Each structure stands twice: as structure tokens, then as C-alpha cells.
Amino acid sequence: MAATINRPVQIQTAAPPAVLDADSLRRELESRIEGDVRFDVIARALYSTDASVYQIQPVGVVVPRNRQDILRSLEICRRRRCPITMRGGGTSQCGQSIGSGLQIDISKYYNRLLEVNAEERWARVEPGIVLDELNAQLAPLGLRFAPDITTANRATLGGMMGNNAAGARSVLWGRTIDHVLEMEVALSDASVAHFREIPRSEAPAGDTLEAACYRTVLGLAGEHAGEIRLRYPKVFRHVGGYNLDEFTDPAKPVNLTKIMVGSEGTLGIILEAKLRLVPLPKAKALMVVMFADLLESLDATQVILRHKPSAVEVMEKSILDYTRQNAALDLIRKTYIEGDPASILCVEFYADRKEDLPPRLKALEEDLRSRHLGYAYRQETDPAAQAKVWSLREASLGLSMAMKGDAKSIAFVEDTAVAPEQLRDFIHRFLEIIHGHGTTAGIYAHASVGCLHVRPVINMKTEEGVRKFEAIAQQVADLVLEYGGALSSEHGDGLT
């Protein structure tokens, strides 16, 4: 559905008419919807932006209280040929949470944990539930939903499913697509389909829209299997387009949740989902490794991966420097970071027993020292201290987005991914493009899976800045294709 995370979700129910009668639409919605219907100027302005560089004002907003509100809104919009954009936390960085039609915000009311089976490790949820809130309810059972994203305190599960969110520990736990078992989905004709794993021989037949979904997905995947295998990026983190690569093997069962996940709301509205859960780690440890050079830290990633970490996160100097603006964060920085590194790696390990972790930290440090990788190494086994280090990582991103002045760190080429072994050379070439246009960029994210988020600093209020924006985007796209990587590794396609 909608979010990063909230991935939007624009369901084009039909070609829109030349003029949409907003007043008539509002009156009909108000007469049939139990939730909130807002067509006022303030609401439309508030819902015109998300975390992206785009701005589109909707015709109005519905905040549904229940499933029937969503289905009624869908039926009304279908009849009136009004596009729908689903929205959760509005954390989308590619514009998926905004649209010119009706926005349906599921985060306020449609956000319950419906059922948990701790023994079988699954839960049923409404898509508006926020990741941190879900995991807080699961924690007493020793369980959690695996994908862990930076925006976890505001991103909804609907949005995470919409853009196939992953997060810092995807090297261990995978992506959202690996943890969605079943869905109830409202299709464009307002019918409700139940998607789950079934044998291909049991795919529904007939003239229903649900049956047409199976025929279309399996038909396209079968007809174009060769091209899909040839052209889909050969990297773990790729979420661009639809997941047709999940359906090319005729011997595998079919589960249409795997086409819904990552579709950014373009194929249907998720009404409910059954999710696989994972046990909470019994023990965790963290090592912060400091480097005098960014590319050296990326070289070190290949060595670190041999030690089986649960996460390898990188932050380079410009991102780290933003923490100096906050007294509490600056204190954490001074406590855990030695000197003024060009880059740091936060390396995390999981274990069943706390006593198993110090030997693994020691082995990693000795390995890095023997290869002259890094200049300082800070080990942490205390959970509270580890949380402080991770808070530095999470807060620095928000601070980097609040630069003073007209030039800002812009998210438009920051979600590319390549094979981890190519990451050093790829980023070297990437930065040559950035510097060739006379600007800089902040770099952070998931070195363990070849995904680094790079945000060039650009003044979009000038004609020169817009030209620079377009030129960098094109050159980076060409570079990604040269390396066989993915243009979108976790944030989706959106309006790009």
C-alpha cells in the first residue's frame, strides 16, 4: 500500500474525465463513509507532499474507519473515474504517497493487530499499523516482523508491502516479500481476492477479475521468462517494476502476494495481510569501525561479510557531521567515535548466547587489523550502548534532510544497488559524477547488500540546479546499467 515508507499506491480506476466534480464527490463520500472526509484547503495542502521531491495536491482525503469505508470509496471513485492513492506514514521518497485524485489515509484508524499465533509465528494485521507499534505488541511473545527500516516509528506495514521494504538487516532476514504469507486485496472492481500460496493447477478460472489476475501474471511470466531471467538485475536488493521473476518457474506454487508486494498500490488495495514473524535475537553485539577513507571502508565490507554479521551499515563524514548540530547526538558521537573519520561501519552480530559474541568481535577486529583496514575499533555488548550508536545512525539522516539554505540533500539517485563486491568501484565512479557537477553528497546505508544511499546537494530553486538534477540522474542511471545493478533497491519507483 502506501509508505517506505509508505509506498503509494495509485490505482487508476479508469481514464479520468476532463473535469472531476469535487463537490459532488465530497457529498457522496460524506453520505456513505463513517470515517473522515476532508476536502478543505488545509487537508489538501498537508497531503500534497511526502518525503520525496514532488508535490501534487489531491482532490480530497478520506480517513477510513473500517474495511467498508475503503470498499465504498473504491466503488465511488471507480464509478466517477477518480484515481485513488493509498497513504500510510507518507515516508515515500519517490512520490508514491501523493496523487491528484482521492487519497485514502489508513494510518489513523485502520491499523489493528488482528491475530497472533506465537507457536506458528504469524500475525494478521491491517495495513495501517506502524512497524514499531506492531513490534512493541509482539515483543512480549519474543517475536517481531523482520524487515527493520529507518522510518520504523512512522512507516506502515501497508507501505512496507507496497515498496518491498528491507532495512539494515536484510543480509540476514531478507525483504518484506520474504515474510508476507497471505493478503486480502480489493481489486479495481471493488471485489475482494484472497491471495496465498496454492498449486498452479488450482489457480481460479472463469471471468472474474481475480481469475484474470492469475492468468495475466502467469501468462506474462511464462511468455517472457527468458527476457526476465536475462534482464532483471542480478542483485539481492532490487524492487523496480513488478516481481515477475517470482513466477517464471512452472514447477513452483503460485502466490500473488509476491506480485502485490512491491507494486506500490498500482494493482489493488491491501485490506489485510498475514505475516511471517521471526524470533527476537537472544544476544546482540556491535562494533564501530572508523576509517580515514570512504573507499577503504567499502573494501572492508567484503572482509566483514565473511564473519556472518546481521548488519553492516556505513555513514560517511558529511552525514556524521550533521550530528554536531544536536547536543545529545554530539555527545554520543564523542563517546563512540574516535577522531574525525571519513567513514564508519556499524557491524552487528546476533547470537543465541551472549558469551558467544566477544570471540566473534575479537576475530573481526584481528582480521581487519591484519589487513590494515580501519584505524579504530569500538566494541559494544551492552544493549543500551548499542541503541545509542544506532540512534546516531537514524537521527543523522533526518538532520541531513534539514540543511540550511536553498541547496538541499535531494533524494533522487539515492536508492541504487550493485553486487557488494562491486560497491567500491561503483561508488568511486558515482562520486566522480557528483563532483563533476560541482557538488557534494551524503552517503549512508546498507553496505552488506551493495545498497548505498547517495544524496547530492542541489539548489532546485534555480534553472542551473534543475539542469544539474536531470544530468546527474541520467548519468547515474547509465552507470547503474553498466554495473548490472538496480536503479531502485528498496524505495520503489514512484513518480520517477
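**Reading strands, helices and a buried serine**

Biologist: Gly442 stands opposite Arg455 in strand E19; how many bridges pair E18 with E19, and in which sense do they run?

Modeller: This is a predicted model, in which local features need pLDDT of at least 70 and side-chain atom pairs count only at pLDDT 80 or more, while totals for chains, interfaces and linings use all residues. Residues are numbered from 1 along each chain as its sequence is written, and side-chain values use heavy atoms, with hydrogens and water left out. Two strands (DSSP E runs of at least two residues, numbered from the N terminus) pair if DSSP finds at least two bridges between them. Here E18 (residues 441-446) and E19 (residues 451-458) are antiparallel over six bridges. The two strands form a hairpin with four residues between them, and Gly450 in that turn has a positive phi of about 75°.

Biologist: Which strand do three bridges join to E18, and is E18 mostly covered or exposed?

Modeller: Strand E14 (residues 311-316) is joined to E18 by three bridges and runs antiparallel to it, with Val314 having Ala445 as its bridge partner in E18. Six of the six residues of E18 are buried (under 20% relative accessible area, with a 1.4 Å probe and protein chains only).

Biologist: How is the packing of H10 and H13 to be read, and at what angle do they meet?

Modeller: Two packed helices are described by the angle between their axes and the distance between the axes. Helix H10 (residues 294-305) packs against helix H13 (residues 357-370) at about 140°, with axes 10 Å apart, and the pair is therefore oblique (neither under 35 degrees, nor over 145, nor 65 to 115). Axes are lines fitted to C-alpha atoms over the stretch in contact, and angles run from 0 to 180 degrees between N-to-C directions. Ala300, Val303 and Ile304 of H10 meet Leu364, Asp367 and Leu368 of H13 (contact means heavy atoms within 4.5 Å). The residues of this contact divide into five nonpolar, no polar and one charged, where Asp, Glu, Lys and Arg count as charged, Ala, Val, Leu, Ile, Met, Phe, Trp, Tyr, Cys and Pro as nonpolar, and the others, Gly among them, as polar.

Biologist: Where is Ser489 placed, and which residues does Ser489 touch?

Modeller: Ser489 lies in the segment after helix H16 (463-482) and is buried, with a relative accessible area of 0%. Not counting residues up to four places away in sequence, the residues that Ser489 touches include Arg237, His238, Asp415, Cys451 and His453.

Methods
Buried < 20%, exposed > 50% of the residue type's maximum accessible area, 1.4 Å probe, protein only.
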